[in-house]
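Here are my notes on the model, as numbered points. Please read them with the coordinates open.

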Amino acid sequence: MTISVLGVPYDATSSFLRGPAAAPEAIRRTLHSGSANWFTELGDEVDPANGSWVDAGDLDLPDSPEFAFVKIRERAAALHADGPVIALGGDHFVTYPLVAAAAQHHDDLTILHVDAHPDLYDELDGQRLNHATPFARIMEEGLARRLVQFGIRTATTHQRDQTERFGVEVHTAAEWDGGLPDVSGNVYVTIDVDGLDPAFAPGVSHHEPGGLTTRDVLGLIHQLARREHVRIVGADIVEINPERDIHDMTAMLGAKLLRELLGAAGRRR
Ligand code: MN
Ligand code: MN
């Protein structure tokens, strides 16, 4: 059983700015910079030298979302045969093929989704495959049993309707108390880094004030790691835009979230 880390350098469906395709390289560079050690806050060692995970490299992806979907899903599905897959995006479109791959191997997925945005549009700018639509596609296709969102603060009337239609459980940035709801079974964690406040994560395309703290998101991961009857089968960290970053602060945040997710996923495989 091995955890794979897969780079998904894709940002062709970003609606506002491109840039997240450069994030896998930036996260890896800070991860291996020597600035931090390989222990998680809960005490798990995630040094790749001890074989706790393998870097599966970066995908080579075309701009076409239809073709990119197939390449991402097929590669991730192959890696799922070995164990959990943690992907580095990329814009949030990539979560749709990544969850499709996880669903080929795991029933009854619960998705825990950190984001400023619900990403539930039926379509945006005429596109059904877009970084603002992945969870509409995922829920329509029944790829997950539950979708639980944290940090939401931009829902439109249409997206509130979609929330109701799909039975999405929403913990808004204004209301969330930092607790992990009752969750068990197979869990997929997707962290859109713009769910954090821009003060904590300046290197994103969409600065949406009023967001979560770094500690809020780490707390979510740690509660998952400690909870019995939870198995993290997949995760992704998306929407980091290195072109907007300051001194690699957000890339380093991505590296820290990756280490903590590796530790959590390695506890109950
Ligand atoms: Mn998103
Ligand atoms: Mn977002």
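1. A polar contact here is a pair of N or O atoms within 3.5 Å, where, within protein, one must be able to donate a hydrogen and the other to accept it. Keep in mind that this is a predicted model. With that cut-off, look at N130: a polar atom of its side chain lies 2.8 Å from the backbone nitrogen of A132.

2. Where does N130 sit? Its place is the loop between β4 (110-114) and α4 (134-140). N130 is buried, at a relative accessible area of 1%. Leaving aside residues up to four places away in sequence, N130 touches T13, F93 and L124.

3. Now the metals. Which protein atoms are the donors of the manganese ion (ligand 1)? They are H92 (ND1), D115 (OD), D119 (OD) and D192 (OD), lying 2.0 to 2.2 Å from the ion. Along the chain, the spacing of these donors is H-x22-D-x3-D-x72-D. D115 and D119 are both buried.

4. The manganese ion (ligand 2) is coordinated by D115 (OD), H117 (ND1) and D192 (OD), and D194 (OD) is listed twice. The distances run from 2.2 to 2.4 Å. Its donor residues follow the pattern D-x1-H-x74-D-x1-D in sequence.

5. D115 deserves its own point. This residue bridges the manganese ion (ligand 1) and the manganese ion (ligand 2), and the two ions lie 3.3 Å apart. D115 is in the loop between β4 and α4, while D192 is in strand β7 (residues 185-192), so the pair ties together parts that are 77 residues apart in sequence. How accessible are the two residues? D115 counts as buried, at 0% relative accessibility. D192 is buried too, with a relative accessible area of 2%.

6. Next, the largest pocket. It holds about 210 Å³ of space. The lining has 16 residues, and H117, D119, Y121, T154 and H206 lie nearest the centre. H117 is also a donor to the manganese ion (ligand 2), and D119 is one to the manganese ion (ligand 1). By class, the pocket lining divides into three nonpolar, eight polar and five charged residues.

7. On enclosed space: how many cavities of 30 Å³ or more are counted? The count comes to one. The volume of the largest cavity is about 40 Å³. Its lining consists of T40, L42, D44, I221, H222, A225, E260, G263, A264 and R267. Helix α7 gives the largest share of that lining, four residues. Both α6 (214-226) and α7 supply at least two residues each. The cavity lining divides into four nonpolar, three polar and three charged residues.

8. Last, helix α1 (residues 23-31). Why is α1 described as largely enclosed by the rest of the structure? Seven of its nine residues are buried, so the description follows. The buried residues of α1 are A23, P24, A26, I27, R28, T30 and L31. They pack against β1 (3-8), β2 (53-58), β3 (85-89) and α7 (249-267). Helix α7 thus appears in two of these notes: it packs with the buried residues of α1, and it contributes four residues to the lining of the largest cavity.

Definitions and conventions:
Residues are numbered from 1 along each chain as its sequence is written. Chains are lettered from A and ligands numbered from 1 in the order in which they are written. This is a predicted model: local features need pLDDT of at least 70, side-chain atom pairs count only at pLDDT 80 or more; totals for chains, interfaces and linings use all residues. Side-chain values use heavy atoms; hydrogens and water are left out. Buried means under 20% relative accessible area, exposed over 50%, partly exposed in between (1.4 Å probe, protein chains only). Contact means heavy atoms within 4.5 Å. Donors are N, O and S atoms within 2.8 Å of the metal (3.2 Å for Na, K and Ca); water is not among the atoms, so sites may look incomplete. On a 1 Å grid over the protein atoms alone, a cavity is a set of points where a 1.4 Å probe fits but cannot get out, and a pocket is an open set with protein on both sides within 12 Å along at least five of seven lines; lining residues have an atom within 4 Å of a point. Grid points are joined across faces, edges and corners, and a volume is the space filled by probe spheres set on the points. Ala, Val, Leu, Ile, Met, Phe, Trp, Tyr, Cys and Pro count as nonpolar, Asp, Glu, Lys and Arg as charged, and the others, Gly among them, as polar.
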